[in-house]
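Please open the model in your viewer and keep the selection tool at hand, since this tour moves from one selection to the next.

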Amino acid sequence: MNLADDILPCARIVEQGDPDRFRTVMAAPVAARDILFPLYALNVEVSRAPWVTQEAMIAEMRLQWWRDALEEMAEGRDVRKHEVTTPLAARLSPAAARRLDEAVAARRWDVYRDPFEDEAHFDRYLDQTAGHLMWTAAEALGAPPDQEDAVRSVAAAGALVAFLRAVPRLEEAGRIPLLDGTSDGVGALAGRIRTRLTKPRLPARARVALWPALGSAYCLGQIVRTPAIVAKGAVPAPLTAWRLSVAALTGFPTL
């Protein structure tokens, strides 16, 4: 894959655990892969930690391990050796490490069966998980600070599509994923996040950070028109080969 030796294990983790993001990274310029694979490998490890065990305490311990590693990076201390932490520590700023620590902490919601407290809690979950990840990737690739809100709006749209696609599985697992699971409630949620979507103005190199959210605006529009597709598990996959090809060839993502 024409990658540095320390990045290859991260690439394999992403390939196995998040095939869509793997596709976006492999379509990106080689230089971007050096940054994106460690970030996305961290996301794979953290996002699956609450689901690999039925024991809440063990899941909490797994998340805390990653929080401790990120704290080491933020404070400039020696970082525990791991196929993800070692390359990540060499590429992550202290501020980014603290930001990603907050993303790990937000994953505690995945450990338990409690519903979201309110709309603000749900929005914060999307932003702290997907928003922190996408902005960290975009920032590392040269996104200007004044585009952070726009990048986060793209992340929220992509995260909501992924979340709504997972609603049937979450409910089967005994979770309460939505504050209002009625058709009206689902449609309103999709419409609210879609309305906030702002296309960022980024240099070409940084646009690849947006690619995991390709097609999210289209999918949210489908949900607004036919919210019942969420309960049926029929939300279309947003990332298509066509959208990724257009983004790779033109440099402009079709959101």
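How exposed is Arg48, judged by its relative accessible area? Select Arg48 in this predicted model, and you will be looking at a residue that is partly exposed, with a relative accessible area of 36%. Now add Glu45 to the selection: the two side chains form a salt bridge, in which the closest N and O atoms are 3.1 Å apart. Both residues belong to helix 3, where they sit 3 residues apart, about one turn of the helix. Unlike Arg48, which is partly exposed, Glu45 is buried, with a relative accessible area of 14%, a value that falls under the 20% limit for buried residues.

Next, stay with helix 3 (residues 30-48) and select helix 2 (residues 19-26) as well; the axes of these two helices come within 10 Å and cross at roughly 175°. Because this angle is over 145 degrees, helix 2 counts as roughly antiparallel to helix 3. To see where they touch, show the side chains of Arg21, Phe22, Thr24, Val25 and Met26 on helix 2, together with Arg33, Leu36, Phe37, Tyr40 and Asn43 on helix 3. If you colour these contact residues by character, you will find 6 nonpolar, 2 polar and 2 charged.

From there, turn to the other salt bridges, of which the structure holds 16 in total, the pair already visited being one of them. Select Glu72 and Arg80, whose closest N and O atoms are 2.7 Å apart in a salt bridge. Here Glu72 is buried, with a relative accessible area of 8%, whereas Arg80, at 24% relative accessibility, counts as partly exposed.

Then move to Arg107 and Asp110, whose side chains meet in a salt bridge with an N to O distance of 3.2 Å; in this pair Arg107 is buried, and Asp110 is buried too. After that, select Glu119, Asp123, Arg192 and Arg196 together, as these four residues are linked in a network of salt bridges.

The last stop is Arg243, which you will find in helix 14 (residues 241-250). What is the nearest side chain of opposite charge to Arg243, and how far away is that side chain? The answer is Asp20, 10 Å away, and Arg243 has no salt bridge although this residue is buried. To see what does surround Arg243, display Leu214, Gly215, Tyr218, Ala237, Pro238 and Thr254, the residues that Arg243 touches when those up to four places away in sequence are not counted.

Technical notes. Residues numbered from 1 in each chain as written. Predicted model: local features only at pLDDT ≥ 70, side-chain atom pairs only at ≥ 80, totals over all residues. Heavy atoms only, no water. Helix = DSSP H or I, 4+ residues; strand = E, 2+ residues; numbered from the N terminus. Buried < 20%, exposed > 50% of the residue type's maximum accessible area, 1.4 Å probe, protein only. Lys, Arg positive; Asp, Glu negative; His and termini not counted. Contact = heavy atoms within 4.5 Å. Axes fitted to C-alpha atoms, helices over the stretch in contact; angles between N-to-C directions. Parallel < 35°, antiparallel > 145°, perpendicular 65-115°, else oblique. Nonpolar A, V, L, I, M, F, W, Y, C, P; charged D, E, K, R; others polar.
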